[in-house]
Number of protein chains: 2
Amino acid sequence: MARPRKNDHLKQKLLETGMRLLIDNGYHGTGIKQILDAVNVPKGSFYNFFTSKEQFVSEIITYYSTVISDEFSSFLKTFKNESAIITFWLCFQEKVNTSESGACLIGAMASEIAQSSELCRRTLINVEAAWISTLALLLKCSQQQGDVRNDLKAEDLASSFYNHWQGSLLEFQVSNNPDIVLHRLATFVRLLLTEQGHTKMASCSHYFKDNLNV
Amino acid sequence: MARPRKNDHLKQKLLETGMRLLIDNGYHGTGIKQILDAVNVPKGSFYNFFTSKEQFVSEIITYYSTVISDEFSSFLKTFKNESAIITFWLCFQEKVNTSESGACLIGAMASEIAQSSELCRRTLINVEAAWISTLALLLKCSQQQGDVRNDLKAEDLASSFYNHWQGSLLEFQVSNNPDIVLHRLATFVRLLLTEQGHTKMASCSHYFKDNLNV
């Protein structure tokens, strides 16, 4: 039993170190050797777990998405009795406030390698679809509760929200302004709200109220 | 007089080739040697024009933005008598429809090197500010014409639109769906429109009408 546990631990360590280096240096700026040196394992061990750098990065994308999604899900569970749009907003507020940096591995890999690696492109499609589906569920519920406009499909609003989020993370990379992501997300959410939703949000979140002068 | 013209031509060729290679392979995936081989010039000539790869890429970012901005400006001039929001929409529709690929060098460099190159980060700030200022002018005019909601500042709407555009270009990279950018932009514009603006847009653009079922 000891051997598989050691291997699991090593694989986990490779994924975590790889994830950190990919976020900092990108796909082309990160070499396998650099990762092996950081984890202190020989090349052979790496190829016991992964067939290539491409397959390694594909697994890291899935791993990264699972980590973020787990954080999001456990936060979602604490807001069972709130309205869906308030839950949606507070989850993102928490996520943005606790992020160490504005870098998103999914966005970075989409930009750098989606067009050159079919394997990573397909992985990105899957993890992004899962994210958008979660967002769409919350927005659909908010539409049913009368807080979000219903002249557009929840799935389209979710995709637009997701894209806007990715673009705002890029703006953070350029501006170095840590407040920018939340400010932009507040603007986008304001565009979705009905009058009723607007009143609810203004009463639940000082940030939202102050930032949009409501 | 012959020598400067030759040099100008060579510099232009380096910028254009560098731009193409950066879009395809990213910053870390593009070597100076690769660019020199493609343009067929010796290393020494490169350093007559640029002090480093970083400075070269900074100039390419500015060059790229000028090319796109010139296209946009000349298209804007053809819509003098339209309403601002229709002009805004038709410019983007034209831009998206004539793009060879969904890749944007500004977004790609923001993702890959804004955090590691202060020079490129400052260049990205400048070119993005110029873009957002153009978009904000059109949106402010649309607010004055009563076509765009005025409960949020035109500058904030412009920044959100820009971020949403960058995120939608990333979605195109991943989905390989060439129609996705226009569909997402139509959703975003719909979020900005007043009833009056909505009616105008539905009458001016079949794409807009069909895509949003108005």
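**Notebook: two copies and Gln34(B)**

I started with the interface: 100% of the interface residues of chain B are also interface residues in chain A, so the copies meet through the same surface. Contact here means heavy atoms within 4.5 Å.

Ground rules I noted: this is a predicted model, where local features need pLDDT of at least 70, side-chain atom pairs count only at pLDDT 80 or more, and totals for chains, interfaces and linings use all residues. Residues are numbered from 1 along each chain as its sequence is written, chains are lettered from A and ligands numbered from 1 in the order written, and side-chain values use heavy atoms, leaving out hydrogens and water.

Next I superposed the copies (least squares on C-alpha atoms of residues with pLDDT of at least 70 in both). Chain B lands on chain A with an RMSD of 0.0 Å after a turn of 180° and a shift of 0.0 Å along the axis. The two copies are thus related as by a two-fold rotation axis.

For chain A, I got 11 helices and zero strands (DSSP runs, H or I of at least four residues for helices, E of at least two for strands, numbered from the N terminus). Its C-alpha trace spans about 60 × 40 × 30 Å along the principal axes. Of its 214 residues, 55% count as buried.

Then I zoomed in on Gln34(B), which sits in helix α2 (residues 32-39) of chain B. Gln34(B) is partly exposed at 34% relative accessible area (buried is under 20%, exposed over 50%, partly exposed in between; 1.4 Å probe, protein chains only). Beyond its neighbours within four places in sequence, Gln34(B) contacts Leu21(B), Asn25(B) and Gly29(B).
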